[in-house]
Amino acid sequence: MASDPADRSPPVHVLTTNAELSDLVTDEENPLVVVQFSAPWCKMCAPMADLVSAAAKHARASVAKVSTPDAEDLVESYGVTKLPMVLVWRNGTIHARVEGFDQEAVRRAIVAASWGVHGMSKDEI
């Protein structure tokens with residue numbers, strides 16, 4: 001029996017350059033993109049990644065991960081000073097920025113950004 005595609009987690013795009021991020025967030029196939037900045041030494045980054053993945057799956061968002069040691073240009077471009085950091089993009093524009101381990105703020109940001117995307121209403125989220 002084949003599984004329902006809606007039950008699958010979205011693929012995680014690993015980004016290291018500004019060009020890769022720009023290509024992802026401006027692609028019409030990805031109207032909603034959640035980008036998490038993290039580092040291997042960050043103890044709260046893994047639990048945040050789990051939340052991002054689950055919330056993005058529900059909102060039908062694309063997910064991207066930026067490992068800060070491997071992406072100095074992105075770290076500088078987006079002024080990353082605290083990890084984990086999550087950027088929620090909607091139609092190529094930053095909709096929300098959450099710094100630190102604030103699960104509720106990330107959840108709210110993804111939900112708010114998803115209203116109207118993929119025809120979703122507030123009641124569906």
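In this predicted model, V34 of strand β2 has V88 as its bridge partner in β4. The two strands, β2 and β4, run antiparallel and are joined by six bridges. On its other pairing, β2 meets β3 in the parallel sense, again over six bridges; here the bridge partner of F37 is V66 in β3. Strand β2 is mostly covered, with seven of its seven residues buried.

How do the side chains of β2 divide between the two directions? L32, V34, Q36 and S38 point one way, whereas V33, V35 and F37 point the other way. In a regular strand the side chains alternate between the two faces of the sheet. Residues pointing either way from β2 are buried.

The wider sheet can now be set out. Five strands form an open sheet in the order β1-β3-β2-β4-β5, and the pairing is mixed. Strands β1 (12–15) and β5 stand at the edges with a single partner strand each, so one side of each is left without a neighbour in the sheet. On average, and with direction ignored, neighbouring strands of this sheet are turned by 20 degrees against each other. At one edge, β1 and β3 (residues 62–67) run parallel and are joined by four bridges, with V12 standing opposite V63 in β3.

Two helices that pack on the sheet come next. Helix α1 (residues 18–26) touches β1, β2, β3 and β4, and its direction makes about 150 degrees with that of β1. Helix α2 touches β2, β3 and β4, and its direction makes about 175 degrees with that of β2.

Strand β3 also carries K65, which is partly exposed, with a relative accessible area of 41%. Leaving out residues up to four places away in sequence, K65 touches V12, H13, V14, L15, Q36 and S38. The C-alpha atoms of K65 and V34 are separated by 8.5 Å, although the two residues lie 31 residues apart along the chain.

The nonpolar interior follows. The largest nonpolar core has 21 residues, of which L21, V35, F37, L74, Y78 and W89 touch the most other members. At least two residues of this core come from each of α1, β2, β3, α3 (72–77) and β4. Which residues does F37 contact beyond its neighbours within four places in sequence? They are C45, V66, T68, L74, V75, Y78, V80, L83, P84, M85 and L87. A second, separate core of 19 residues includes A56, V86, A109 and I110.

Two residues of that second core, A109 and I110, lead to helix α4. This helix (residues 103–114) has twelve residues and reaches 17 Å from its first C-alpha to its last, close to the 16 Å expected at 1.5 Å a residue. Its buried residues are A105, V106, A109, I110, A113 and S114. Why do these residues line one face of the helix? Seen down the axis of α4, they fall within an arc of 160 degrees, so they line one face. An α-helix has 3.6 residues a turn, so residues three or four places apart point the same way. The buried residues of α4 pack against β2 (32–38), α2 (45–59), β4 (85–90) and β5 (93–99). After α4 comes G116, whose phi is positive, near 85 degrees.

Technical notes: Residues are numbered from 1 along each chain as its sequence is written. This is a predicted model: local features need pLDDT of at least 70, side-chain atom pairs count only at pLDDT 80 or more; totals for chains, interfaces and linings use all residues. Side-chain values use heavy atoms; hydrogens and water are left out. The expected span of a helix is 1.5 Å times one less than its number of residues. Buried means under 20% relative accessible area, exposed over 50%, partly exposed in between (1.4 Å probe, protein chains only). The arc is that of the directions from the helix axis to the C-beta atoms. Contact means heavy atoms within 4.5 Å. Two strands pair if DSSP finds at least two bridges between them. Axes are lines fitted to C-alpha atoms, for helices over the stretch in contact, and angles run from 0 to 180 degrees between N-to-C directions. A nonpolar core is a set of buried Ala, Val, Leu, Ile, Met, Phe, Trp, Tyr and Cys residues joined through side-chain atoms within 4.5 Å.
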